[in-house]
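User: I have a protein model on my screen and would like to learn how to read it. Where should I begin?

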Amino acid sequence: MKRKDIIEFEVDKMEFGGTTVSMLGNKEIHMKGGISGQKVKAAVKKARSKKAEVKMLEILEKSPIETANPCKHFGICGGCTILSVPYEKQLEIKERQVMDLFLNQDIFGFQFLGIEGSPQDRLYRNKMEYTFGDEMKDGPLTLGLHKKGRHIDILTVDGCYLVDQDFIKVLTSTVEYFDEKKLPYYRCMSHKGYLRNLVVRKGINTNELMVNIVTSSQEDFDMTEYKEMLLNLETQAEIVSILHTINDGLADAVQCDELRVLHGRDYINEELLGLKFTISPFSFFQTNTKGAEKLYSIARDFVGDHENKVVFDLYSGTGTIGQVMAGAAKKVYGIELIEEAVVAANNNAKLNGLTNCEFVAGDVAKTVKNFKVKPDLIIVDPPRPGVHKDAIRDISGFGAKEIVYISCNPKTLVLDLVEFKKYGYEVEKVKCMDMFPNTPHVETIVKLKKVN
Ligand SMILES: C[S@@+](CC[C@H](N)C(=O)[O-])C[C@H]1O[C@@H](n2cnc3c(N)ncnc32)[C@H](O)[C@@H]1O
């Protein structure tokens with residue numbers, strides 16, 4: 001086998017993160033994508049004596065486990081990867097993937113409480129960030145998600161199963177409206193053009209909708225008619241916020257140089273486990289509201305009795321987890337890198353009448369050691385790269401009896417658990433929670449106890 005060879009094989013094992021490992025002769029074939037049991041054609045990118053890396057070219061035969069009904073975009077759209085697999089089977093696959101990662105690091109002897117599914121496996125997202133573009137050179141305007149493996153082609157995802165009809169109505173009416181106006185979309189290579197993104201957010205428990213149209217400043221287009229068009233849509237939720245964000249940043253990400261409020265307010269409200277949260281256009285908020293309620297309930301169960309205890313909520317975002325604990329706790333301290341999220345967290349705590357919460361801005365690895373108070377309990381919910389080694393040392397240095405680790409990346413989680421072990425923390429119990437059905441992601445909640 002050598003580079004550029006075209007090979008055919010049956011996909012074997014699905015690893016966490018969306019990669020697969022299969023055997024062809026005595027060679028391990030590593031590939032991005034694929035579902036166990038699929039017969040595929042692939043091009044060899046790198047070949048060594050025992051391993052090869054390949055790029056999938058075509059699915060020759062579906063897998064016998066692909067018995068669910070996928071949406072019309074499945075396979076072309078870069079969004080969902082396992083929508084064709086029934087949800088129960090998806091959960092089984094994710095659970096096994098997480099267990100394998102624990103076993104690979106020789107982490108044994110804990111209570112494994114299995115996996116809980118999302119309350120909804122479809123229509124569960126409360127936020128979508130769509131991009132303007134086209135599907136082919138000089139084709140009609142499109143608005144949606146990138147095609148699988150393609151950075152420039154955008155597919156209008158009007159049949160997407162991850163969001164409800166309000167999202168689809170706003171998406172389709174927006175692309176139709178701007179296609180008629182013949183405004184150019186922004187090209188990320190030349191940095192020329194006007195229409196960049198459409199961001200839709202919904203308060204699932206409050207029925208409030210935010211529409212944020214993002215453009216460059218390269219045209220002076222009056223958005224009044226667009227706003228009126230949106231307000232005339234028959235949406236199930238009330239549109240309480242229509243925003244126009246000007247973004248002249250070169251990066252392919254939604255940033256804000258100027259925010260214009262076209263209608264209503266510049267935030268929506270959401271409720272989680274009876275607490276209120278205001279969500280501003282750019283603040284982080286879990287994208288599966290009903291799933292987040294389940295995740296935080298599991299975290300609260302793992303924490304157990306926290307009556308009158310001092311709790312650290314590290315990587316606190318908008319302070320959701322800390323506030324869920326604050327009802328019983330004596331005091332909650334949160335640390336979060338993004339200043340805007342910290343402001344939101346403190347405001348949200350006030351809104352909820354919680355006077356025992358204090359969220360501060362900073363990098364956990366640099367600032368946690370400055371806390372003079374001793375926590376009884378520490379909750380960490382880091383981003384995908386996990387907890388910095390210095391932070392693990394300093395967090396362990398407080399000597400709290402228990403640490404609850406919520407992870408969105410079990411690969412970095414297991415490495416961090418090995419590190420925590422060096423400071424005397426052992427894994428007591430583990431549970432997985434699927435916040436992102438039909439995608440390769442999964443949350444894992446771990447309770448650590450201090451043993452020496
Ligand atoms: C997975 S989110 C968790 C947010 C929050 N706990 C929640 O459930 O909404 C991780 C958070 O860590 C923040 N973050 C990333 N790196 C950080 C660092 N070095 N120090 C502090 N916070 C950080 C991110 O901004 C993000 O809000």
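Analyst: We will go through the domains, a sheet, a helix and the ligand shell. Keep in mind that this is a predicted model.

User: Which domains does the assignment give?

Analyst: There are three entries: domain 1 covers 6-61, domain 2 joins 89-120 with 288-450, and domain 3 covers 127-272. Between the C-alpha centres of domain 1 and domain 3 the distance is 37 Å.

User: How do I read a sheet, and what is the order of the strands in the open sheet of six?

Analyst: Strands of a sheet pair through backbone hydrogen bonds, and the pairing is either parallel or antiparallel. In this model, the open sheet of six strands runs in the order β1-β5-β6-β4-β3-β2, and its pairing is mixed.

User: Which strands stand at the edges?

Analyst: β1 (6-10) and β2 (13-14) do. Each has a single partner strand, so one side of each has no neighbour in the sheet.

User: How many bridges join β1 and β2 to their partners?

Analyst: β1 is antiparallel to β5 (residues 39-47), with five bridges between them. To find one of these on screen, look for E8, whose bridge partner in β5 is K41. β2 is antiparallel to β3 (residues 19-24), with two bridges; here M14 is opposite T20 of β3.

User: What should I look for in the hairpins?

Analyst: Look at the residues between the strands. The hairpin of β2 and β3 has four of them, and G17 in this hairpin has a positive phi near 100°. The hairpin of β3 and β4 has two residues between its strands, and G25 in the turn has a positive phi of about 65°. β3 and β4 (residues 27-32) run antiparallel and are joined by six bridges, with S22 opposite I29 in β4.

User: Now a helix. Which residues of α8 are buried?

Analyst: In α8 (residues 389-397), the buried ones are A391, I392, I395 and S396. They lie on the same side of α8 because they cover an arc of only 130° around the axis. Among the elements covering the buried residues of α8 are α7, β20 (377-380), α9 (410-422) and β22 (425-433). Just after α8 comes G399, with a positive phi of about 70°.

User: Last, the ligand. Which residues come nearest to it?

Analyst: Of the 20 residues around the ligand, the nearest are Y315, G317, L337, V364 and D381. Two or more shell residues come from each of α5 (320-326), β18 (331-336) and α7 (364-367). By type, the shell has 12 nonpolar, five polar and three charged residues.

How values were computed:
Residues are numbered from 1 along each chain as its sequence is written. This is a predicted model: local features need pLDDT of at least 70, side-chain atom pairs count only at pLDDT 80 or more; totals for chains, interfaces and linings use all residues. A residue is near a molecule or strand if its C-beta atom, placed from the backbone, lies within 6 Å of it. Helices (H or I, at least four residues) and strands (E, at least two) are DSSP runs, numbered from the N terminus. Ala, Val, Leu, Ile, Met, Phe, Trp, Tyr, Cys and Pro count as nonpolar, Asp, Glu, Lys and Arg as charged, and the others, Gly among them, as polar. Domain bounds come from an automatic or database domain assignment. A residue is buried if 20 or more other C-beta atoms lie within 10 Å of its own, exposed if 12 or fewer, and partly exposed in between; C-beta atoms are placed from the backbone. The arc is that of the directions from the helix axis to the C-beta atoms. Two residues are in contact if their C-beta atoms, placed from the backbone, lie within 7 Å. Two strands pair if DSSP finds at least two bridges between them.
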